[in-house]
Amino acid sequence: LTSSPKSSGLSIIHIAAEMAPVAKVGGLGDVVTGLCKALQKRGHLVEIVLPKYDCMQYDRIHNLRALDVVLESYFDGKLYKNKIWVGTVEGLPVYFIEPQHPEKFFWRGQFYGEHDDFRRFSFFSRAALELLLQSGKKPDIIHCHDWQTAFVAPLYWDIYTPKGLNSARICFTCHNFEYQGTAPGSELASCGLDVHQMNRPDRMQDNSALDRVNPVKGAVVFSNIVTTVSPTYAQEVRTAEGGKGLHSTLSFHSKKFVGILNGIDTDAWNPATDTFLKVQYNVNDLQGKIENKIALRKFLGLSNADVKQPMVGCITRLVPQKGVHLIRHAIYRTLELGGQFVLLGSSPVAHIQREFEGIANHFINHDDIRLILKYDESLSHSIFAASDIFIIPSIFEPCGLTQMIAMRYGSIPVARKTGGLNDSVFDVDDDTVPLQFQNGFTFLTPDEHGVNSALDRAFNYYRNNTEVWQQLVQKDMNMDFSWELSATQYEELYLNSVARARVAANRA
Ligand code: ADP
């Protein structure tokens with residue numbers, strides 16, 4: 001296996017199911033890449049372990065090559081061979097694990113949503129730790145993400161420290177507590193965890209279905225550091241309404257649990273260098289933003305009669321969490337207010353996808369409304385650049401990235417005050433917020449009145465106060481949503497945890 005270069009910083013391994021831009025479904029992919037780049041910049045040795053999916057964007061992996069080793073890892077009482085690939089993604093070294101398992105775990109044409117996701121990712125979690133063990137790595141931190149790699153935490157302490165992989169502290173980040181990956185307890189045995197040992201209330205047993213195991217709960221229990229992706233969400237999930245069944249576990253482990261607001265990758269999301277855009281622009285030259293609006297309207301067949309007609313953008317997975325009924329309402333409200341609306345989104349939920357297809361067809365030749373119901377990276381950049389207002393009416397939102405990206409592109413957010421939106425969007429009419437932080441329009445109650453109260457005000461500002469609007473656009477574009485600050489918070493958690501482990505080891 002490849003050897004690790006010397007570094008005076010920490011050795012940090014991220015084990016994840018997504019990494020932008022090669023394997024991205026949502027925010028998780030952005031976070032893994034953005035955080036890892038920022039940590040690398042701060043002098044740490046950062047490596048990532050990913051599954052080798054067939055559907056990755058292979059053209060974004062540099063120097064991909066198979067290593068001349070066969071990694072055997074345990075599953076279902078047997079050893080299975082894995083091919084190990086290495087490559088560089090966004091300047092970061094990545095290991096890709098390709099199982100030679102007859103069930104072709106990562107050869108499915110999609111990242112998630114398979115009937116055997118629990119098997120696929122418990123296999124991967126175990127193989128990733130096996131890779132670290134067999135390559136002789138001595139990481140200081142192993143950082144796993146979401147339920148797909150949550151297995152890493154119990155596997156590490158139960159199986160791998162006895163085998164000698166024992167240098168690391170485990171950090172687990174939950175990007176969304178809605179997805180916990182529970183399964184019947186018996187399924188846990190495949191990756192080698194002892195079902196009887198694990199299916200206990202103080203370990204992996206699901207808090208509401210006692211015959212089921214819960215990987216996210218397991219990671220909360222077994223990790224040294226547990227984080228989620230914003231301070232407000234960290235509070236919300238400790239309540240019965242917000243915790244999706246895990247509030248008592250999180251409250252019990254509250255000493256090691258913190259919320260750190262995600263950043264965005266300010267290299268990838270930069271209107272001054274963004275090659276997806278028709279015209280690049282910056283805070284001192286906003287003419288380019290208008291040209292992007294004209295270009296997108298042409299591309300989508302929308303009216304170009306009035307350059308000042310406000311354009312509302314929305315880019316999202318269409319799932320109930322995102323307030324799909326409020327998105328639908330915002331489309332019609334925008335029409336009433338005389339604006340244009342562009343939605344880019346797709347839904348894994350069949351009836352939601354069908355409903356939005358109905359709306360898309362209804363407006364198919366409309367001058368002011370366009371719904372594009374697919375995942376499209378390039379188009380997403382064009383919409384951030386072209387839109388004046390960006391709507392995010394989420395029911396709950398662990399962090400949310402689109403409000404930050406929108407601001408960087410000079411599109412003013414209209415957002416519900418929840419989770420990370422509450423930590424990053426501050427109302428221009430809220431006198432309790434210092435002026436320099438006021439950057440958008442917010443509402444609290446997740447209903448149509450709530451949406452109207454914020455969207456109508458945004459339209460009013462845009463139409464009646466051009467100068468104030470322009471200043472708001474410039475203020476938002478100058479806001480710092482980079483990973484710098486958040487990465488230092490992670491670094492501090494890592495360093496404290498490593499220091500505590502050393503003190504404990506010296507005492508022993
Ligand atoms: P979540 O992780 O819940 O999906 P986030 O706001 O944290 O939501 O991150 C969403 C990311 O996915 C953003 O980078 C957004 O631009 C991108 N995205 C969502 N839907 C689409 C789509 N249909 N096409 C392109 N990008 C999308």
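1. Strand β2, residues 45–51, is mostly covered in this predicted model: 7 of its 7 residues are buried. Side chains in a regular strand alternate between the two faces of the sheet. In β2, L45, E47, V49 and P51 point one way, while V46, I48 and L50 point the other way. Residues of both sets are buried, and E47 is among them.

2. What joins β2 to β1 and to β5? Strand β1 (residues 11–15) runs parallel to β2 and is joined to it by 5 bridges. Within this pairing, I15 has V49 of β2 as its bridge partner. Strand β5 (residues 92–99) also runs parallel to β2, with 4 bridges between them. Here I48 stands opposite V94 of β5, and P51 has I97 of β5 as its bridge partner.

3. The connection from β1 to β2 deserves a separate remark. Together with helix α1 (residues 27–41), these two strands make a β-α-β unit, which is right-handed. The loop between β1 and α1 contains P21. The peptide bond that joins A20 and P21 is cis, with omega about 0°.

4. The wider sheet is open and consists of 9 strands with mixed pairing. Their order is β3-β4-β5-β2-β1-β6-β7-β10-β11, which places β2 between β5 and β1. The edge strands, β3 (62–75) and β11 (257–259), each pair on one side only. Neighbouring strands of the sheet are turned by 25° against each other on average, direction ignored.

5. Two residues other than glycine have a positive phi and should be examined together. D76 has phi near 50° and is found in the loop between β3 and β4 (78–89). K104 has phi near 45° and lies in the loop between β5 and α2 (117–134). Are these residues buried or exposed? D76 counts as exposed because it has 12 C-beta neighbours inside 10 Å, and the limit for that class is 12 or fewer. K104 counts as exposed as well, because it too has 12 C-beta neighbours inside 10 Å.

6. The ligand is surrounded by 17 residues, of which the closest are G26, G27, Y375, S380 and L401. Which elements give two or more residues to this shell? They are α1, β12 (311–317), β13 (340–346) and α12 (377–386). Helix α1 is thus part of the β-α-β unit with β1 and β2 and also one of the elements that contribute to the ligand shell.

7. The composition of the shell and its distribution over the domains can be stated briefly. By class, the shell has 5 nonpolar, 8 polar and 4 charged residues. Domain 1 (11–263 + 485–507) and domain 2 (287–481) each provide at least three of the residues around the ligand.

8. A final point concerns Q403, which has its place in helix α13 (residues 402–408). Why is Q403 classed as buried? There are 28 other C-beta atoms within 10 Å of Q403, and a residue is buried if that number is 20 or more. Q403 and G440 are 37 residues apart along the chain, and their C-alpha atoms are separated by 9.4 Å.

Key:
Residues numbered from 1 in each chain as written. Predicted model: local features only at pLDDT ≥ 70, side-chain atom pairs only at ≥ 80, totals over all residues. Pairing = 2+ DSSP bridges. Right-handed = clockwise from strand over helix to strand, strands pointing away. Near = placed C-beta within 6 Å. Nonpolar A, V, L, I, M, F, W, Y, C, P; charged D, E, K, R; others polar. Domains from an automatic or database assignment. Axes fitted to C-alpha atoms, helices over the stretch in contact; angles between N-to-C directions.
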